Amino acid sequence: MTRYDTTFRAAVEGADVAQRLFRTELDVETKSSKMDFVTRADTETQRRVIEVIRDEYPDATIVGEEEDELKSIPEDGNAWVIDPIDGTTNFVRGAQLWTTTVAAVRDDETVAAATVAPALGDTYAADSDGATLNGERISVSGRTDLEQFIVAPILRYGSERDREFGDLLRELILRFGDLRRFGCAQVTLGMVACGTLDAAVSTQPNPNPWDTIAGVHLVERAGGTVTDVDGSPWEPGCEGIVASNGTRHDEVVDRVARSVR
């Protein structure tokens, strides 16, 4: 089984676990803030994803949001990056915008990714050949008029930085056609990859790898462009993220950067 096949299977089977627990009675705990939730659905989903990966790769290095897995990607060798439930607040509240996401990384380069949104019936996947949605090839939008761009902010920073996040939202609504916020970074990046959105952006420093790696791979394989807020090629741990269809990327970066100047 290839790394892509394992990535895809792990995300699907993990999502099955999460879906069975969706909209059921769950004890909800918080982590770093009152809006940073975790449930047994997160931990059970992550454990199933890891089981699938280690069935094929017993010595697999795991980078995962929950429990005691690594929290950063090794510079060398193979690793698997897991977000068992991206959009946990949506999950807890019964909203359908959440995903189980898995990415395979080799020597710090993403080689495969899968994002499964079971409550929506959508599965995004990407490898070296391109990106798909429910098995059909996808590509980013071809829009060039920024006044028609629909842009989504991702990765809210926490209450201590709400003013900065508010500055970003203000800049987006003034500088683009419209904005959407979905509360799930991976499904939002998937929407950029399939052309539903024209860009997704964040000025958050050092975003978590499980929130970004798979979605970045989807956008790039679908023909889009992903950089940091300065316009440099995106990589884990950089300052923010700007993912767009690529047609006016430098101008998107410039308009996003105004919110942090």
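**Helix H6, its surroundings and the aromatic pairs**

Aspartate 211 has its place in helix H6. In this predicted model, the residue is buried, with a relative accessible area of 12%. Leaving out residues up to four places away in sequence, aspartate 211 touches Asp83, Asp86, Leu155, Ala185, Gln186 and Leu189.

Three of these partners lead on to the next helix to be described. Ala185, Gln186 and Leu189 are among the buried residues of H5, together with Val187, Thr188, Gly190, Met191, Val192 and Ala193. Helix H5 spans residues 185-194, and because 9 of its 10 residues are buried, the helix is largely enclosed by the rest of the structure. Just after H5 comes glycine 195, which takes a positive phi of about 90°.

Helix H6 also takes part in a pocket. The second largest pocket holds about 250 Å³ of space. It is lined by 13 residues, of which Asp108, Glu109, Thr110, Glu220 and Trp234 are the closest to its centre. Two or more lining residues come from each of strand E6 (109-117) and helix H6 (209-221). The biggest share is that of H6, which gives 5 residues to the lining. By residue class, the lining of this pocket comprises 6 nonpolar, 2 polar and 5 charged residues.

What, then, of the aromatic side chains? The structure holds 6 aromatic pairs. In one of them, the ring centres of phenylalanine 22 and tryptophan 98 lie 5.3 Å apart with the planes at 55°, so this pair is tilted. The two residues are 76 residues apart and link distant parts of the chain: phenylalanine 22 belongs to the loop between helix H1 (3-21) and strand E1 (29-30), whereas tryptophan 98 belongs to the loop between helix H3 (88-93) and strand E5 (99-106). Phenylalanine 22 counts as buried at 9% relative accessibility, and tryptophan 98 is buried with a relative accessible area of 0%. Ring pairs also bring in Phe91, so that Phe22, Phe91 and Trp98 are linked into a cluster.

Another aromatic pair is formed by phenylalanine 149 and phenylalanine 176, with 6.5 Å from centre to centre and 20° between the planes; this pair is stacked. Phenylalanine 149 lies in the loop between strand E9 (136-137) and strand E10 (150-153), and phenylalanine 176 in the loop between helix H4 (162-175) and strand E11 (178-179), so the pair ties together parts 27 residues apart in sequence. Phenylalanine 149 is buried, its relative accessible area being 0%. Phenylalanine 176 is buried too, with a value of 5%. The ring of phenylalanine 176 has a further partner: the charged end of arginine 255 sits over it, 5.8 Å from the ring centre.

A last residue to look at is glutamate 239, found in strand E14 (residues 239-244). With a relative accessible area of 37%, glutamate 239 is partly exposed. Beyond its neighbours within four places in sequence, glutamate 239 is in contact with Thr203, Gln204, Pro205, Asp228 and Val229. For one of these partners, valine 229, the C-alpha to C-alpha distance from glutamate 239 is 6.2 Å, across a separation of 10 residues in sequence.

Methods: Residues numbered from 1 in each chain as written. Predicted model: local features only at pLDDT ≥ 70, side-chain atom pairs only at ≥ 80, totals over all residues. Heavy atoms only, no water. Phe/Tyr/Trp six-rings, centres within 6.5 Å; stacked < 30°, edge-to-face > 60°. Helix = DSSP H or I, 4+ residues; strand = E, 2+ residues; numbered from the N terminus. Buried < 20%, exposed > 50% of the residue type's maximum accessible area, 1.4 Å probe, protein only. Lys NZ or Arg CZ within 6 Å of the ring centre and 35° of its normal. Contact = heavy atoms within 4.5 Å. 1 Å grid on protein atoms, 1.4 Å probe; cavity = no way out; pocket = protein on both sides within 12 Å on 5 of 7 lines; lining within 4 Å. Points joined across faces, edges and corners; volume = space filled by probe spheres on them. Nonpolar A, V, L, I, M, F, W, Y, C, P; charged D, E, K, R; others polar.
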